[in-house]
Amino acid sequence: MGSDQLVKNPHLRAHLAEALNHLLPLIKTPHAQQPNSSVSTDRRRILFETNQFAQRFLAQSLLHVFVEIEFTGSTEQFEQKFSYRYPMYNVLEHVVKISQYQASFRELADKAVAQHSSVSTTPIFLKFINMLLNDSIFLLDEALQCLVKVKDGEEAKRNGEWDSLPEDEKKEAEQSHSFNEQMARSHNFLGNETVRALHYITEFIKQP
């Protein structure tokens, strides 16, 4: 999953990361949406907590996929990258609670500090944190702009401004208002998930 040599297609690698979300222990929370399964929660928990290969490579692989999704070049890049990243937030939130994975993330952070001034390419951990910050700012800014449009639309409707519009323009105004409401909810939700990711990563990593 983390190697573009073994699996060159970034979309396929993102789907592999998404599959991990379906292997998480079945804990009902507002942030974990998992299907019914015959695989017990204990077996799922053991899979993450005892698999030495996962403990060694999963953290780095997740960060690589997370970062590389940014550069898929798709015409629907914005919506697509967040649809890929959302399941990764669930996986990240689960594994950072496990000490072995915390050690892996700390190792990546320590390497980033050591390499940052000595290598020409930005270390993967710094890229990851930078994208979380950029996405948080972008999503929350977009959400605020959409909320302003929603407020303007509600005021126009309440004041009767839409009543005087031709039928086609009124329909267009209603569709635009509905779209702005939908985007405000979406950007707020994704922005909140991104800020939460920053929170649980920086709870145990204070640098770089």
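The following exercises, each with a worked solution, concern the helices of one predicted model.

In this predicted model, local features need pLDDT of at least 70 and side-chain atom pairs count only at pLDDT 80 or more, while totals for chains, interfaces and linings use all residues. Residues are numbered from 1 along each chain as its sequence is written, and side-chain values use heavy atoms, with hydrogens and water left out.

**Exercise 1. The chain as a whole**

Task: State how many helices and strands there are in the chain, and what share of its residues count as buried.

Solution. Helices (H or I, at least four residues) and strands (E, at least two) are DSSP runs, numbered from the N terminus. On this basis the chain has seven helices and zero strands. The order of elements from the N terminus is α-α-α-α-α-α-α. Buried means under 20% relative accessible area, exposed over 50%, and partly exposed in between, with a 1.4 Å probe and protein chains only. By that criterion 39% of the 208 residues are buried. Contact means heavy atoms within 4.5 Å. Among contacts with a separation of 6 or more, 69% join residues 24 or more positions apart.

**Exercise 2. The span of H6**

Task: Compare the reach of helix H6 with its expected span.

Solution. H6 covers residues 124-158 and has 35 residues. The expected span of a helix is 1.5 Å times one less than its number of residues; for H6 this is given as 51 Å. From first C-alpha to last, H6 reaches 50 Å, close to the expected value. Just after H6, Gly-160 takes a positive phi of about 80°.

**Exercise 3. Two residues of H6**

Task: Classify Ser-136 and Val-148 as buried, partly exposed or exposed, and place each relative to a residue elsewhere in the chain.

Solution. Ser-136 lies in H6. Its relative accessible area is 6%, so Ser-136 is buried. Apart from residues up to four places away in sequence, Ser-136 touches Thr-194, Val-195 and Leu-198. Its C-alpha is 8.3 Å from that of Leu-190, 54 residues apart along the chain.

Val-148 is also in H6. Its relative accessibility is 48%, so Val-148 counts as partly exposed. Val-148 and Asn-180 are 32 residues apart in sequence, with 9.2 Å between their C-alpha atoms.

**Exercise 4. H3 against H6**

Task: Describe how helix H3 (residues 52-68) crosses H6, and list the residues that meet.

Solution. Axes are lines fitted to C-alpha atoms, for helices over the stretch in contact, and angles run from 0 to 180 degrees between N-to-C directions. The axes of H3 and H6 come within 9 Å and cross at roughly 50°. Angles under 35 degrees count as roughly parallel, over 145 as roughly antiparallel, 65 to 115 as roughly perpendicular and the rest as oblique; H3 is therefore oblique to H6. The crossing is left-handed, a term for a near helix turned anticlockwise from the far one by less than a right angle. From H3, Leu-63, His-64, Phe-66 and Val-67 meet Ile-124, Phe-125, Lys-127, Phe-128, Met-131 and Leu-132 of H6. These residues divide into eight nonpolar, one polar and one charged.

**Exercise 5. H2 against H3**

Task: Determine how helix H2 (residues 41-50) is oriented to H3.

Solution. The two helices pack at an angle of about 70°, with axes 6 Å apart. H2 is therefore roughly perpendicular to H3. Phe-48, Glu-49 and Thr-50 of H2 make the contact with Gln-52, Gln-55 and Leu-58 of H3.

Technical notes: Ala, Val, Leu, Ile, Met, Phe, Trp, Tyr, Cys and Pro count as nonpolar, Asp, Glu, Lys and Arg as charged, and the others, Gly among them, as polar.
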